[in-house]
Amino acid sequence: MMSQGVILPGATLGVMGGGQLGRMFVHAAQSMGYATAVLDADPTSPAGLVSHTHIQTAYLDADGLARMSAVAAAVTTEFENVPAEALDTLAATRPVAPSGAAVSVCQDRAREKAHFTGCGVPCAPHAVIDSPEQLAAVPDSLLPGILKTARMGYDGKGQVRVKTRDELNAAWADLKQVTCVLEKMLPLAFEVSVIVARGRDGTVVNFPVQRNLHRDGILAVTTAPAPGVAPELAAQAVANARQIAASLNYVGVLCIEFFVLADGTLVANEMAPRPHNSGHHTIDACDVSQFEMQVRCMTGLPLVEPVLHSPCLMLNLLGDLWFPAGSTTQVEPDWAGVLTLSGTHLHLYGKTDARKGRKMGHLTVTGATPEAARDVALKAAALLG
Ligand code: ADP
Ligand code: MG
């Protein structure tokens, strides 16, 4: 890193990746008085559309990286699969947070699990498969299980549920024999996540634990505060997340996803080196959002413990909603109806092309009480179909 001074508003902040997480980062940075630069090859990327500067190149393009380095006082990432080399190249001239080294751990499920274990944080029983011999040596105790590609998986993609050895063999062939992790299928009671932020000086703060409901491997609903989570369990998840961040010498926002098993045990699932879908409610329900926290981390501004000021639910708005029953053409959902309900906060990501399973936006519902937020969220969900 070059400069350790605080980077003040007026400067330009760079982000690698132009998806919705980049867009919400750009919004937060701009509202604090920073200019922004987005590097993403897609001319219609959600973040590129709203940024002062949009560098439209591949992540490893030498000219693109040189332009980012010339314009941005510091750089972050919104996507864990930005090549670590791109972050390392930028880090030669600019502060980059999180580092390429930390991001590369999160790019690989096998390394991620090894890191959890090294921190004393339990994860699912698993085996790494990158040869036919390793495939054959998988213990029966891991079946039924989920075969996951070690790299590049997201939203349930690159995963196959397997019950038998034959299914496992077929699944690995289907996944083109890339390096995979076979995880034992665990009896989940529910899922939670914790978002932590760690500053350059080692200060760590955390958002309160939230509870997550997935459908078809994709996050559907986040609820905060997390219902049904005892204070001891929440404290353990927070302690684990803080420990994981510290041991990576992490700078930035980090999300850890956990499973809570039927017997109450906490198991780390995966981590993301950036703001996370399960933290979108922090924009409307916390005094500092996860995106503002990302700005504070990369600029060296102070970190303060964020406060959840409103009970809330966050509903992901997937492309499916644009195709109501029977419709083959894209129909805009009833936003006006949803916005007549009090406590609704609509966020759309500027994607024009709705597709099944594509994250188009989210709706956060805040209420005076968890019950009130839930009632309105149910009404909103009914209107959206
Ligand atoms: P992604 O990178 O696609 O988010 P995850 O590993 O988080 O991949 O898996 C997606 C979802 O699949 C999880 O949130 C959980 O609901 C389910 N899942 C994943 N691994 C397991 C497991 N070992 N046992 C039971 N359910 C699992
Ligand atoms: Mg996940």
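**Pocket, sheet and helix pair: a quick chat**

Modeller: In this predicted model, the second largest pocket has 38 lining residues, and Leu213, Arg215, Ala220, Val221 and Leu315 are the ones nearest its centre.

Biologist: What volume does the second largest pocket have?

Modeller: The lining splits into 24 nonpolar, six polar and eight charged residues. The space that goes with this second largest pocket comes to about 910 Å³.

Biologist: Which element supplies the largest share of that lining?

Modeller: Five elements give at least two lining residues each: the strands β9 (188-198), β11 (210-215), β12 (218-224) and β15 (312-318), plus a helix, residues 370-384. The largest share is seven residues, and it comes from α12.

Biologist: OK, on to the open sheet of four strands. Which strands stand at its edges, and why is one side of each left without a neighbour?

Modeller: The order is β5-β8-β6-β7, and the pairing is antiparallel. Each edge strand has a single partner, so one of its sides has no neighbour in the sheet; the two are β5 (126-129) and β7 (159-162).

Biologist: How much does that sheet twist from one strand to the next, on average?

Modeller: We're still on the open sheet with antiparallel pairing. From strand to strand the twist averages 20°.

Biologist: Which residue of β8 is the bridge partner of Val128?

Modeller: β5 pairs with β8 (residues 180-184) in the antiparallel sense, over four bridges. In β8, the partner of Val128 is Val181.

Biologist: And which helices pack on the sheet, and what angle does α7 make with β7?

Modeller: Helix α5 (residues 109-118) lies across β5, β6 (145-149), β7 and β8, at about 50° to β8. Helix α7 (residues 165-174) touches β5, β6, β7 and β8 too, and its direction makes an angle with that of β7 of about 165°.

Biologist: Last one: are α1 and α10 roughly parallel or roughly perpendicular to each other?

Modeller: The axes of α1 (residues 20-31) and α10 (residues 290-299) come within 8 Å and cross at roughly 70°. Angles of 65 to 115 degrees count as perpendicular here, so α1 and α10 are roughly perpendicular.

Biologist: How many residues of that contact are nonpolar?

Modeller: On the α1 side you have Leu21, Met24, Phe25, Ala28 and Ala29, while α10 brings Phe291, Glu292, Gln294, Val295 and Met298. One of these contact residues is charged and one is polar, and the nonpolar count is eight.

Notes
Residues are numbered from 1 along each chain as its sequence is written. Chains are lettered from A and ligands numbered from 1 in the order in which they are written. This is a predicted model: local features need pLDDT of at least 70, side-chain atom pairs count only at pLDDT 80 or more; totals for chains, interfaces and linings use all residues. Side-chain values use heavy atoms; hydrogens and water are left out. Two strands pair if DSSP finds at least two bridges between them. Axes are lines fitted to C-alpha atoms, for helices over the stretch in contact, and angles run from 0 to 180 degrees between N-to-C directions. Contact means heavy atoms within 4.5 Å. Angles under 35 degrees count as roughly parallel, over 145 as roughly antiparallel, 65 to 115 as roughly perpendicular and the rest as oblique. Ala, Val, Leu, Ile, Met, Phe, Trp, Tyr, Cys and Pro count as nonpolar, Asp, Glu, Lys and Arg as charged, and the others, Gly among them, as polar. On a 1 Å grid over the protein atoms alone, a cavity is a set of points where a 1.4 Å probe fits but cannot get out, and a pocket is an open set with protein on both sides within 12 Å along at least five of seven lines; lining residues have an atom within 4 Å of a point. Grid points are joined across faces, edges and corners, and a volume is the space filled by probe spheres set on the points.
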